[in-house]
Amino acid sequence: DKGSAAAIPINEVDIAYVTPVTIGTPPQTLMLDLDTGSSDLWVFSSLTPSTQVRGQEIYTPTKSSTSKLLSGHTWSIRYGDGSGSRGSVYTDNFTIGGLEVRSQAVQTALEVSSSFTQEQSLDGLVGLGFSTLNTVRPSSQLTFFDNARPNLDEEVFTADLKYHATGSYDFGFIDSKKYTGNITYTAVQQSPGYWTHSLSGYSVGSGAFQASQISGISDTGTTLLYLPTAIVTAYYRQVQGAQNSQYYGGYVFPCSSTLPTFTFGIEGARFTIPASYINYTRISPTSTTCYGGLQSSSGLGINIFGDVALKAAFVVFSGTNPPRIGFATK
Ligand SMILES: CSC[C@H](NC(=O)[C@H](Cc1ccccc1)OC(=O)N1CCC(N)CC1)C(=O)N[C@@H](CC1CCCCC1)[C@@H](O)COc1ccncc1
């Protein structure tokens with residue numbers, strides 16, 4: 001089996017990407033954020049209070065002839081940005097890009113935090129982290145990828161996220177038309193459940209490559225790139241007028257400033273993030289101050305290789321034993 005689906009940016013600064021999925025019989029289509037940084041598949045549903053739903057598509061289990069309540073099971077999740085949700089659990093048929101999983105655990109929201117309510121183009125998440133992170137109790141549930149794996153032609157899924165454009169997620173195969181050169185793989189530590197691996201170093205602009213093992217998680221559900229403070233200060237030292245603003249909670253700079261590129265290493269391979277990806281957004285629509293796509297990870301306790309980095313590469317998440325992650329230029 002295999003599947004392929006679009007990864008569509010939900011706004012003009014690629015804050016997140018959504019993918020059309022279908023749930024149930026007859027199929028109900030929702031737009032979900034495929035997130036390698038978590039392992040719960042949850043959706044806005046007919047059980048979500050209407051005061052918390054603002055334009056999202058919802059999943060109505062009672063309209064599906066193949067839905068089954070997973071009685072006595074609940075879930076509750078809190079994300080790194082403080083957003084969260086909780087609820088009950090059904091199983092139903094679930095499809096992404098033509099790839100179907102029967103009786104996938106679909107977590108129906110009974111409550112969502114305000115930032116989810118405000119994000120009307122996001123109907124929920126598909127966690128693609130390791131199933132050990134799943135929050136369903138009393139028995140944790142498997143991710144879509146873990147359920148699909150036995151039937152996949154190849155035990156992989158790939159992410160081809162794009163800057164200000166629609167990319168794709170593929171399941172069960174590696175599309176050689178989506179990348180150039182070779183795929184460089186590196187080892188993944190799957191504890192505590194993230195796609196955790198190391199960078200082999202970095203360089204700023206045309207500067208020398210600094211070899212150093214930088215451990216972090218490749219996370220499609222995180223917008224920006226979060227690295228150790230020493231690296232981030234070295235980067236913004238090259239940017240006229242840059243400053244680390246308490247007020248804006250990160251590095252900001254004049255939108256007219258020239259930004260250097262940022263290169264990261266995977267083993268012996270090098271991947272360069274264009275300056276445009278790091279000139280992330282104006283702090284307000286009329287402002288001439290811009291917010292950086294590279295920020296310090298010091299407040300997070302973990303380095304996160306988010307979309308700003310991932311969209312500079314074609315990424316292979318390999319569920320082989322042991323798991324590994326691959327990067328190729330595109
Ligand atoms: C540094 S983890 C912060 C990260 N959330 C972000 O990256 C959000 C994403 C977002 C925000 C608003 C609308 C749409 C998308 O975006 C921002 O936070 N920003 C972008 C805009 C920028 N101006 C400010 C910073 C995060 O929790 N991801 C989790 C998934 C995410 C949750 C929110 C909805 C979209 C999916 C997940 O993978 C990682 O979970 C954890 C990571 C570490 N320990 C615990 C949990």
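Me: Before we start, when does a molecule count as sitting in a pocket?

Reply: A molecule sits in a pocket if more than half of its atoms lie within 2 Å of the grid points of that pocket. Note that this is a predicted model.

Me: Okay, so where does the ligand sit here?

Reply: In the largest pocket.

Me: How many residues surround the ligand, and which are the closest?

Reply: The ligand has 20 residues around it. Asp-35, Gly-80, Asp-81, Asp-219 and Thr-223 are the closest.

Me: How does that shell divide into nonpolar, polar and charged?

Reply: Nine residues of the shell are nonpolar, six are polar and five are charged.

Me: What about Asp-35, how far is its side chain from an oxygen atom of the ligand?

Reply: The distance is 2.7 Å, taken from an N or O atom in the Asp-35 side chain to a ligand oxygen.

Me: And the threonines, Thr-222 and Thr-223?

Reply: Thr-223 has a polar side-chain atom 3.1 Å from an oxygen atom of the ligand. For Thr-222, the partner is a nitrogen atom of the ligand, and the distance to a polar side-chain atom is 3.4 Å.

Me: How much of the ligand does the protein bury?

Reply: The protein buries 81% of the 860 Å² that the ligand exposes when taken alone.

Me: What about Gly-221, where is that?

Reply: Gly-221 is in the loop between strand 13, residues 210-218, and strand 14, residues 225-227.

Me: Is Gly-221 buried, partly exposed or exposed, and why?

Reply: Gly-221 counts as partly exposed because its relative accessible area is 32%, and that class runs between 20% and 50%.

Me: How far is Gly-221 from Ser-83?

Reply: Their C-alpha atoms are 13 Å apart in space, with the two positions 138 residues apart in sequence numbering.

Me: Backbone next. Which peptide bond is cis at Pro-26?

Reply: The bond that joins Thr-25 and Pro-26 is cis, with omega at about -10°. Pro-26 belongs to the loop between strand 2 (17-23) and strand 3 (28-35).

Me: And what is omega for Arg-137 to Pro-138?

Reply: Omega is near 5°, and that peptide bond is cis. Pro-138 lies in the loop between strand 8 (124-127) and helix 2 (144-148). Arg-137 is in the loop between strand 8 and helix 2 as well.

Me: Is Arg-137 buried or partly exposed?

Reply: Partly exposed, because its relative accessible area is 45%. Between the C-alpha atoms of Arg-137 and Ser-76 there are 9.1 Å in space, for a separation of 61 residues in sequence.

Me: Switching to phi. What is the value for Asp-14?

Reply: Phi of Asp-14 is about 55°, which is positive although the residue is not a glycine. Asp-14 sits in the loop between strand 1 (3-9) and strand 2.

Me: Buried or exposed, that Asp-14?

Reply: Buried: the relative accessible area of Asp-14 is 1%, and the cut-off for buried is under 20%.

Me: Then what about Glu-267, what is its phi?

Reply: Near 50°, again a positive value in a residue other than glycine. The loop that holds Glu-267 runs between strand 17 (262-266) and strand 18 (269-273). Glu-267 counts as partly exposed because its relative accessibility is 44%.

Me: Moving on, where is Asp-170?

Reply: Asp-170 is in strand 10, residues 165-171. Asp-170 is also buried, since its relative accessible area is 0%.

Me: With which side chain does Asp-170 make a polar contact?

Reply: With that of Ser-4, side chain to side chain, at 2.5 Å.

Me: Last one: Gln-190. Where is it, and how far from Thr-29?

Reply: Gln-190 is in the loop between strand 11 (180-187) and strand 12 (196-204). From its C-alpha to that of Thr-29 the separation is 31 Å, and the two are 161 residues apart along the chain. Gln-190 is partly exposed, with a relative accessible area of 39%.

Conventions. Residues numbered from 1 in each chain as written. Predicted model: local features only at pLDDT ≥ 70, side-chain atom pairs only at ≥ 80, totals over all residues. Heavy atoms only, no water. Near = heavy atom within 4 Å. Polar contact = N/O pair within 3.5 Å; in protein donor to acceptor, adjacent residues only side chain to side chain. Areas by Shrake-Rupley, 256 points an atom, 1.4 Å probe, with all protein chains shown as cover. 1 Å grid on protein atoms, 1.4 Å probe; cavity = no way out; pocket = protein on both sides within 12 Å on 5 of 7 lines; lining within 4 Å. Nonpolar A, V, L, I, M, F, W, Y, C, P; charged D, E, K, R; others polar. Helix = DSSP H or I, 4+ residues; strand = E, 2+ residues; numbered from the N terminus. Buried < 20%, exposed > 50% of the residue type's maximum accessible area, 1.4 Å probe, protein only.
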